[in-house]
Amino acid sequence: MANGMDDRRKSLEEEYFHRKNQEAIEKLRAKMKVSEEAKAAGISSMKCPRCDGSLNESRFEDVTIDICDNCGGVWLDSGELEQLTQKEETGGWFGRLWRSEG
Ligand SMILES: [Zn+2]
């Protein structure tokens with residue numbers, strides 16, 4: 001009986017996570033669709049992951065960064081962080097940023 005309960009609970013959990021995954025996939029699909037539509041319309045499609053504000057592309061020391069116009073968050077694409085941290089070795093702003101934090 002106890003095992004039966006565990007199995008039942010387990011299947012409920014699996015169903016829950018399965019549904020959550022489905023929701024996440026649907027959201028992702030919707031977002032990708034919006035992104036494609038926005039791209040087709042020639043406008044920026046980037047949304048802030050934190051607050052859904054619009055991200056404005058900006059260049060900082062040869063690296064393209066995205067700055068949220070709502071919360072001011074700065075977002076980096078894959079590889080951009082590496083570019084910035086590599087600059088640290090040559091005394092870039094990122095290195096100064098870390099040093100000023102400490
Ligand atoms: Zn934001």
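How many aromatic pairs does a search of the whole structure find? The search finds 1 aromatic pair, where rings of Phe, Tyr and Trp (its six-membered ring) pair if their centres lie within 6.5 Å, planes under 30 degrees apart counting as stacked, over 60 as edge-to-face and the rest as tilted. Select Tyr16 and Phe17: their ring centres are 5.3 Å apart and their planes stand at 75 degrees, so the pair is edge-to-face.

Before moving on, note that this is a predicted model, in which local features need pLDDT of at least 70 and side-chain atom pairs count only at pLDDT 80 or more, while totals for chains, interfaces and linings use all residues. Residues are numbered from 1 along each chain as its sequence is written, and side-chain values use heavy atoms, with hydrogens and water left out.

Staying on Tyr16, its relative accessibility of 46% makes this residue partly exposed (buried means under 20% relative accessible area, exposed over 50%, partly exposed in between, with a 1.4 Å probe and protein chains only).

Next, select strand β1, residues 55–60, together with β2, and follow the antiparallel pairing of the two over 6 bridges; strands are DSSP runs of E with at least two residues, helices are runs of H or I with at least four, and both are numbered from the N terminus, while two strands pair if DSSP finds at least two bridges between them. These strands form a hairpin with 2 residues between them, and Glu61 in the turn has a positive phi of about 50 degrees. Strand β2 covers residues 63–68, of which 5 of 6 are buried.

Ile67 in β2 is a useful residue to centre on: Asn56 stands opposite Ile67, and in β3 the bridge partner of Ile67 is Val74. Strand β3, residues 74–75, runs antiparallel to β2 and is joined to it by 2 bridges. Between β2 and β3 lies a hairpin connection of 5 residues, where Gly72 in the turn has a positive phi of about 80 degrees.

From Val74, extend the selection to Leu76 and Leu81, since these three residues form a nonpolar patch on the surface with about 230 Å² of accessible area together. Leu81 lies in helix α2, residues 80–89, and at 41% relative accessibility Leu81 counts as partly exposed.

Finally, select the cysteines Cys48 and Cys68: Cys48 is buried at 1% relative accessibility, and Cys68 is buried at 4%. A search of the whole structure finds 0 disulfides, a disulfide being a pair of cysteine sulfur atoms within 2.5 Å.

Notes: Patch = residues over 30% accessible without salt bridge, like charges linked within 9 Å, V, L, I, M, F, W, Y side chains within 5 Å. Areas by Shrake-Rupley, 256 points an atom, 1.4 Å probe, with all protein chains shown as cover. Salt bridge = Lys/Arg side-chain N within 4 Å of Asp/Glu carboxyl O.
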